[in-house]
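Subject: Structure for your attention

Dear colleague,

Please find below the structure that I am handing over to you. My findings follow it, and I would ask you to read them with the model open.

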Amino acid sequence: MPMTIRRAVVPAAGLGSRLLPLTKAMPKQMLPIGGRPVIEHTVRELVASGITDITVVGAGRGKDLIRDHFRPDPALVARLRAEGKSAYADAVQEIGELSRLGHITYLDQDGPYGNGTPVLNAANHHSVAEPMVVLWPDDVFVAEVPRTRQLITAYEATGRPVLALMPMDPADARHYGVPVVKDDLGGGLLHIAGLVEKPEPDDAPSAYAAVGGYVVTPGIIEELRAQTERWYQRRIGELSLTDAISAYAGSHTVYGQVLEGRWYDTGNPLAYLTAQFATALSEPAYGPHLRRLALDR
């Protein structure tokens with residue numbers, strides 16, 4: 001029987017270069033989406049899916065601001081209640097409760113450049129080798145069943161690494177890692193033989209995109225360790241989680257789960273604005289007003 005997944009790692013060290021100058025003073029993980037910083041959407045999804053140990057791996061100013069956001073602030077809560085601002089007090093108190101429920105810890109990123117390093121940092125921080133969820137804190141997933149819960153369900157059925165997949169327009173293949181599909185097992189579960197990173201549309205091996213959600217197993221972590229050792233011998237390129245998964249899939253079984261829901265990236269200005277509006281439209285407090293505003297135009 002597969003181990004219960006209780007840990008998650010959230011890499012949070014990116015510069016957000018494509019969003020400059022918006023991210024000059026504000027790290028991209030703290031940009032607001034629908035009244036909450038985008039990383040809060042990630043943490044809420046993880047907690048709602050039963051994750052009880054979240055490790056945020058980042059560096060410098062961004063990590064400090066994230067920590068400040070989630071840190072409980074009983075003095076502020078008490079002041080707001082004394083001023084009769086109960087709704088605001090409840091909102092601030094709930095953020096601190098998220099930190100407790102998710103048991104959020106923070107690590108500096110240490111190692112080769114690349115998105116595999118924070119995953120390895122988090123794994124090295126824990127003494128027990130066990131599967132973990134990996135989510136990037138710069139996208140938003142809107143669904144009745146959280147993305148993380150869908151990934152965990154697929155892992156519980158297979159006991160193997162799982163990648164989050166979404167259907168894509170083949171013309172967009174050069175923006176994503178694209179899985180090589182070996183077998184379609186039904187229910188959105190695909191047996192994959194590897195990933196091709198950002199292929200040209202004509203070279204894309206399938207019509208699915210890997211969209212930044214993973215269940216990684218101890219075998220993937222061992223592959224990251226091996227790739228890190230090779231990097232220190234050559235010091236060329238970067239440590240890529242995608243490369244580690246593709247290498248592992250060469251001799252082990254890896255699955256992809258086609259998710260039900262809508263995925264929004266925030267990595268460039270247009271994507272960020274799209275995520276803002278789409279998330280706001282899904283909120284009962286904002287959606288009806290925004291739809292009326294659109295019709296008035």
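I begin with T242, which has its place in helix α8, residues 241-249. Please keep in mind throughout that this is a predicted model. T242 has a relative accessible area of 8%, and because buried means under 20%, T242 counts as buried. Apart from its neighbours within four places in sequence, T242 is in contact with N115, L195, E197 and Y214.

Helix α8 also packs against another helix. Two packed helices are described by the angle between their axes and the distance between the axes. For helix α7 (residues 218-234) and α8, the angle is about 115 degrees and the axes are 9 Å apart. This angle makes α7 roughly perpendicular to α8, and the crossing of the two is right-handed. On the α7 side, the residues that meet α8 are G219, I220, E223, L224 and Q227. Their partners in α8 are L241, D243, A244, I245, A247 and Y248. Sorted by class, the residues of this contact are 7 nonpolar, 2 polar and 2 charged.

Two of these residues, I220 and Y248, appear again in the surroundings of P161. P161 lies in the loop between α6 and β8, the latter being residues 162-167. Its relative accessibility is 3%, so P161 counts as buried. Not counting residues up to four places away in sequence, P161 touches V215, T217, I220, Y248, T253, V254 and Y255. Of these contacts, Y255 is a useful one to find in the model: P161 and Y255 are 94 residues apart along the chain, yet their C-alpha atoms are separated by 6.1 Å.

Next comes the helix that precedes this loop. How far apart should the ends of helix α6, residues 147-158, be? At 1.5 Å a residue, its 12 residues should span 16 Å, and the end C-alpha atoms are 17 Å apart, which agrees. The buried residues in α6 are R147, T148, Q150, L151, I152, A154 and Y155. Just after α6, G159 takes a positive phi of about 70 degrees.

The remaining findings concern helix α4 and two helices that pack against it. The first pair is helix α3 (residues 74-82) and helix α4 (residues 86-102), whose axes are 8 Å apart at an angle of about 165 degrees. That angle makes α3 roughly antiparallel to α4. The crossing of α3 and α4 is left-handed. The contact involves L76, V77, L80 and R81 from α3, together with S86, Y88, A89, D90, V92 and Q93 from α4. By class, this contact has 6 nonpolar, 2 polar and 2 charged residues.

The second pair is helix α1 (residues 38-48) and α4, with axes that come within 10 Å and cross at roughly 50 degrees. The two helices are therefore oblique to each other. Here too the crossing is described as left-handed. E40, R44 and V47 of α1 meet E94, I95, L98, L101 and G102 of α4. The residues of this contact divide into 4 nonpolar, 1 polar and 3 charged.

I hope that these notes will assist you in working through the model.

Yours sincerely,
A colleague

Definitions and conventions: Residues are numbered from 1 along each chain as its sequence is written. This is a predicted model: local features need pLDDT of at least 70, side-chain atom pairs count only at pLDDT 80 or more; totals for chains, interfaces and linings use all residues. Side-chain values use heavy atoms; hydrogens and water are left out. Helices (H or I, at least four residues) and strands (E, at least two) are DSSP runs, numbered from the N terminus. The expected span of a helix is 1.5 Å times one less than its number of residues. Buried means under 20% relative accessible area, exposed over 50%, partly exposed in between (1.4 Å probe, protein chains only). Contact means heavy atoms within 4.5 Å. Axes are lines fitted to C-alpha atoms, for helices over the stretch in contact, and angles run from 0 to 180 degrees between N-to-C directions. Angles under 35 degrees count as roughly parallel, over 145 as roughly antiparallel, 65 to 115 as roughly perpendicular and the rest as oblique. A crossing is left-handed if the near helix is turned anticlockwise from the far one by less than a right angle, and right-handed if clockwise. Ala, Val, Leu, Ile, Met, Phe, Trp, Tyr, Cys and Pro count as nonpolar, Asp, Glu, Lys and Arg as charged, and the others, Gly among them, as polar.
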